[in-house]
Amino acid sequence: MTDKTRDVRIPLTVLGTGAMGTALVRAWLAAGHPVTVWNRTPARAEALAAQGATVAASAAEAVSASRLVIACLLDDASVGAALDGADLAGRDLVNLTTGTPAEGRARAAWATARGARFLDGGIMAVPPMIGDADSGGYVFYSGSPELFEEHRDTLAVPAGTRYVGGDAGFAALHDVALLSAMSGMFAGIVHAFALIGPEDIAPKDFAPLLVSWLGAMTGSANKAAAQIESGDYGKGVVSNLAMQVAGNATLLRTAEEQGVSPELLTPYTALMERWLAGGHGAEDTTGAVELLNLRRSAADRP
């Protein structure tokens with residue numbers, strides 16, 4: 001066995017055996033890792049015991065079994081509760097529990113004060129994607145660069161890895177930013193299906209048109225990024241803000257005609273109108289991002 005193989009098969013502990021935690025454990029077991037697991041409801045870990053995992057009676061016992069400890073629990077509060085009283089000195093704690101950037105930073109400070117190295121993670125996958133190298137799933141990591149480099153191969157077993165910086169809050173920030181964009185897209189999809197609902201148009205026939213159109217539009221994120229970084233929202237404008245605000249009236253009238261609530265559209269159309277009122281009609285819509293930054297002083301706002 002080579003040194004590389006020994007590193008890949010290091011023992012680890014997983015706290016939490018819900019759907020995601022179970023998928024993670026199965027992937028590591030399949031790769032030959034000795035895995036110790038703990039779950040607040042012991043019965044939920046029984047199936048993993050049958051597959052080769054060692055079930056610990058307490059979270060503290062599970063932590064003591066391995067240097068590398070993975071937490072995949074309900075929320076940040078449950079991480080604190082599970083690890084209360086556990087000896088973290090010399091441990092490498094990787095938190096894959098969904099949380100906010102502030103929670104990631106606070107948990108990093110909390111772990112460091114207890115003698116542990118810390119990584120926060122944001123899982124960009126659903127359980128069926130875990131352990132499938134072709135699924136496209138991956139995990140954002142941020143925090144200790146030394147921890148990430150040492151355990152990179154092990155962390156890459158269940159899903160791809162993307163290290164996004166030493167700020168422990170960055171994994172959650174990347175995670176939530178992408179999920180927020182997805183949420184807005186889903187809102188648009190729901191609204192589109194609602195519009196055709198009263199008509200003799202089969203949703204299954206309309207869906208491919210949605211997929212194609214939205215896929216073509218997502219490339220605009222690259223242009224938006226360039227505009228935001230340069231601060232020049234007039235760069236590369238194809239359809240300016242004034243034109244798009246005028247066009248929004250058609251979207252809203254069509255919703256009214258079809259008997260569809262415009263509530264999924266109006267927050268964004270109102271934001272565009274506010275940016276237009278600030279004299280930005282010849283620019284792209286991207287500039288409306290300025291109105292969303294609540295940290296800017298009132299004096300700086302257009």
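In this predicted model, the protein chain exposes about 15800 Å² of surface, and carbon and sulfur atoms supply 58% of that area. Turning from the surface to the residues beneath, 38% of the 302 residues of the protein chain count as buried. As for the charges, the protein chain carries 22 positive and 32 negative ones, and the mean positions of these two groups lie 5 Å apart.

The overall frame can be described next. Measured out along its principal axes, the C-alpha trace of the protein chain spans about 65 × 50 × 35 Å, and the secondary structure within the chain comes to 13 helices and eight strands. Among the contacts in the protein chain with a separation of 6 or more, 60% are made by residues 24 or more positions apart.

The interior is best approached through its nonpolar cores. The largest nonpolar core has 30 residues, and I70, V94 and I130 are the ones with the most contacts inside it. Two or more residues of this core are given by each of the strands β1 (12-15), β2 (35-38), β4 (68-71), β6 (117-124) and β7 (138-143), and likewise by the helices α2 (19-30) and α7 (145-155). Of these elements, α2 gives the largest share of the core, namely seven residues.

V94 offers a closer view of the packing: leaving aside residues up to four places away in sequence, V94 touches L68, V69, I70 and A71, and also L119, Y141, L147 and L155. Apart from the largest core lies another core, which has 21 residues, including A62, L88, L93 and A111.

Technical notes: Residues numbered from 1 in each chain as written. Predicted model: local features only at pLDDT ≥ 70, side-chain atom pairs only at ≥ 80, totals over all residues. Heavy atoms only, no water. Helix = DSSP H or I, 4+ residues; strand = E, 2+ residues; numbered from the N terminus. Buried < 20%, exposed > 50% of the residue type's maximum accessible area, 1.4 Å probe, protein only. Contact = heavy atoms within 4.5 Å. Areas by Shrake-Rupley, 256 points an atom, 1.4 Å probe, with all protein chains shown as cover. Lys, Arg positive; Asp, Glu negative; His and termini not counted. Charge placed at Lys NZ, Arg CZ, Asp CG, Glu CD. Core = buried A, V, L, I, M, F, W, Y, C linked by side-chain atoms within 4.5 Å.
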